[in-house]
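Student: Got a minute to go through this one with me? I'd like to start with the sheets.

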Amino acid sequence: MQKKGVYGSQGRAPSRPPCEGLCRGCRAEGCVRREPAERCFRIRGGRPLSGKVKVHGAKNSVLPVLAASVLCGGPVHLARVPRLSDTGVSLRILESLGCVTALSEDEAVVDPSSLTGSRIPDRLVREMRSSSVFLGSVAARTGEAYLCLPGGCELGARPIDLHLMGLRALGMTVEEKGEKLHAFHHGLHGADITLPFPSVGATENILMAAVLAKGRTVLRGAAREPEIADLCRFLRRCGAEIVGEGGPVLYIDGVKALSGCSFAVMGDRIEAATLFCAAAVTGGELEAEGFSPSDLAAVLGVLKKMGAELKIYRDRVRLKAPPRLCSPGRVDTAPFPGFPTDVQPVLSAAAALAEGRTVITENIFDSRFKHLSQLREMGADVRCTGRTATIDGVERLYGRTLRALDLRGGAALVTAALAAEGESHIYGLAHIERGYERLEETLSQLGAEIGRV
Ligand code: UD1
């Protein structure tokens with residue numbers, strides 16, 4: 001039978017049972033749900049996380065690499081692409097600009113030769129706030145880019161003044177009207193740029209514009225994150241001339257054009273850190289491979305202080321948890337090689353059960369402690385003053401129904417639920433799916449009792 005409208009030939013919604021308050025956006029008591037009930041993770045805590053796992057490709061690398069693919073003259077073949085909702089948004093942005101894309105298993109192909117557009121659609125920017133990473137590459141390739149900034153995000157203010165300062169130094173004109181940006185140029189040139197803070201996003205945007213600029217760019221105070229080095233490797237594979245990645249000064253000699261290439265995305269050190277924290281707090285024994293342990297030195301150092309036994313190999317680490325973790329003392333987040341802000345939430349979940357007092361200072365984002373009040377609902381002894389959290393380890397956490405409010409905060413709730421007594425229901429999976437591929441499958445393969453209901 002031919003389908004007529006969303007409700008079929010009768011033109012009216014079939015009757016459904018009341019939503020019990022779980023339908024998204026439902027406010028009214030007894031409302032008949034318009035959307036399927038929201039799914040959640042159901043986790044029965046208390047099972048040690050043990051076994052071997054290979055981490056997926058890194059979210060923080062694949063997104064800038066996809067943005068950089070618009071600079072290429074031919075197809076880009078990417079391997080080890082994580083299946084994340086943010087990867088999907090990036091591919092949709094590329095398609096909206098006229099690129100041809102394909103995704104199968106963990107491989108993606110982007111053919112930017114048919115790219116004509118320069119407007120990054122507002123609705124996609126709203127879905128992925130880090131879309132600003134397309135600004136430098138699209139403008140460098142087409143001569144202009146339109147981007148609507150959605151303002152602050154769940155982590156607090158997300159200014160891009162440093163991105164714009166760098167792009168302007170390269171010869172870009174950037175007009176700002178409220179939240180709308182129009183960047184354009186009539187030829188980019190190399191420049192000597194100093195970043196007062198090693199911003200990851202600004203470094204990426206400047207790099208992408210500088211590789212096609214005329215002459216040499218020296219970028220001082222650049223971010224040193226391993227994902228920046230991965231972006232440099234990708235760009236070099238396409239013909240860019242860049243030296244200095246991993247250090248604070250990048251030297252970029254502009255070239256006339258870039259070619260396509262084949263490239264495998266680096267392993268996700270943040271996924272590895274999340275799994276190690278979960279194994280450590282559940283008393284497990286975990287071997288994670290497929291990432292570079294030196295990229296995770298700060299996190300491994302903290303886990304060691306907490307009593308975990310570590311065996312570190314070239315591309316894998318084996319962690320054996322002690323019967324009970326102890327506090328690592330003080331932990332301050334900082335740009336690489338410091339303790340990563342992305343690992344702070346899951347570390348605080350582990351610290352909630354560690355013996356002694358942990359003091360964590362979040363130095364990168366001004367609103368990255370939202371998960372703490374939820375940990376408190378689970379029984380954690382946590383206080384927060386400004387950017388500093390004081391956590392006194394308790395002996396037990398208790399399963400609760402909670403909602404993830406951001407990506408890594410969601411991972412923290414899952415970590416705590418894995419170690420808690422009883423059952424937890426974690427909603428807000430859309431946040432978690434932005435950065436973890438099939439997290440529940442990975443965790444259940446490691447022995448956790450977790451399902452999606
Ligand atoms: C940041 C993290 C990165 C992490 C990512 C996702 C750092 C240094 N960066 O990258 O590791 O993977 O979030 O969680 O840890 N800022 C400005 N002006 C700018 C740009 C940034 O003031 O133009 C400030 C922000 O307000 C914030 C900090 O710099 O305090 C964030 O640094 P940045 O590295 O730019 O953020 P992301 O690129 O999102």
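Tutor: We'll take two sheets, then a helix pair, then a pocket. This is a predicted model: local features need pLDDT of at least 70, side-chain atom pairs count only at pLDDT 80 or more, and totals for chains, interfaces and linings use all residues. Residues are numbered from 1 along each chain as its sequence is written, and side-chain values use heavy atoms, with hydrogens and water left out.

Student: What is the strand order in the open sheet that contains S4?

Tutor: S4-S5-S3-S13, four strands with mixed pairing. Strands are DSSP runs of E, at least two residues, and helices are runs of H or I, at least four, numbered from the N terminus. Two strands pair if DSSP finds at least two bridges between them.

Student: Which are the edge strands?

Tutor: S4 (100–104) and S13 (261–264), each pairing on one side only.

Student: How many bridges join S4 to S5?

Tutor: Five, and the two strands run antiparallel. Thr-101 stands opposite Val-110 in S5.

Student: Which helix lies across S4 and S5?

Tutor: H2, residues 85–96, running at about 155° to S4. Axes are lines fitted to C-alpha atoms, for helices over the stretch in contact, and angles run from 0 to 180 degrees between N-to-C directions.

Student: Next sheet. What order does the one with S17 have?

Tutor: S17-S18-S20-S19, an open sheet of four strands with mixed pairing. Its twist averages 15° from one strand to the next.

Student: Do S17 and S18 run parallel or antiparallel?

Tutor: Parallel, joined by three bridges. Arg-330 has Val-359 in S18 as its bridge partner. H10 packs on this sheet, touching S17, S18 and S20. Contact means heavy atoms within 4.5 Å.

Student: How do H8 and H10 cross?

Tutor: At roughly 5°, with axes that come within 9 Å. H8 and H10 are therefore roughly parallel to each other, a label for angles under 35 degrees.

Student: Which H8 residues meet H10?

Tutor: Thr-274, Cys-277 and Val-281, against Val-346, Leu-347, Ala-349 and Ala-350 in H10.

Student: Now the second largest pocket. What is its volume?

Tutor: About 280 Å³. A pocket is an open set of points on a 1 Å grid over the protein atoms alone where a 1.4 Å probe fits, with protein on both sides within 12 Å along at least five of seven lines; lining residues have an atom within 4 Å of a point. A volume is the space filled by probe spheres set on the points, which are joined across faces, edges and corners.

Student: Which lining residues are closest to its centre?

Tutor: Val-281, Pro-323, Leu-353, Glu-395 and Ala-419, of 16 that line the second largest pocket.

Conventions
Angles under 35 degrees count as roughly parallel, over 145 as roughly antiparallel, 65 to 115 as roughly perpendicular and the rest as oblique.
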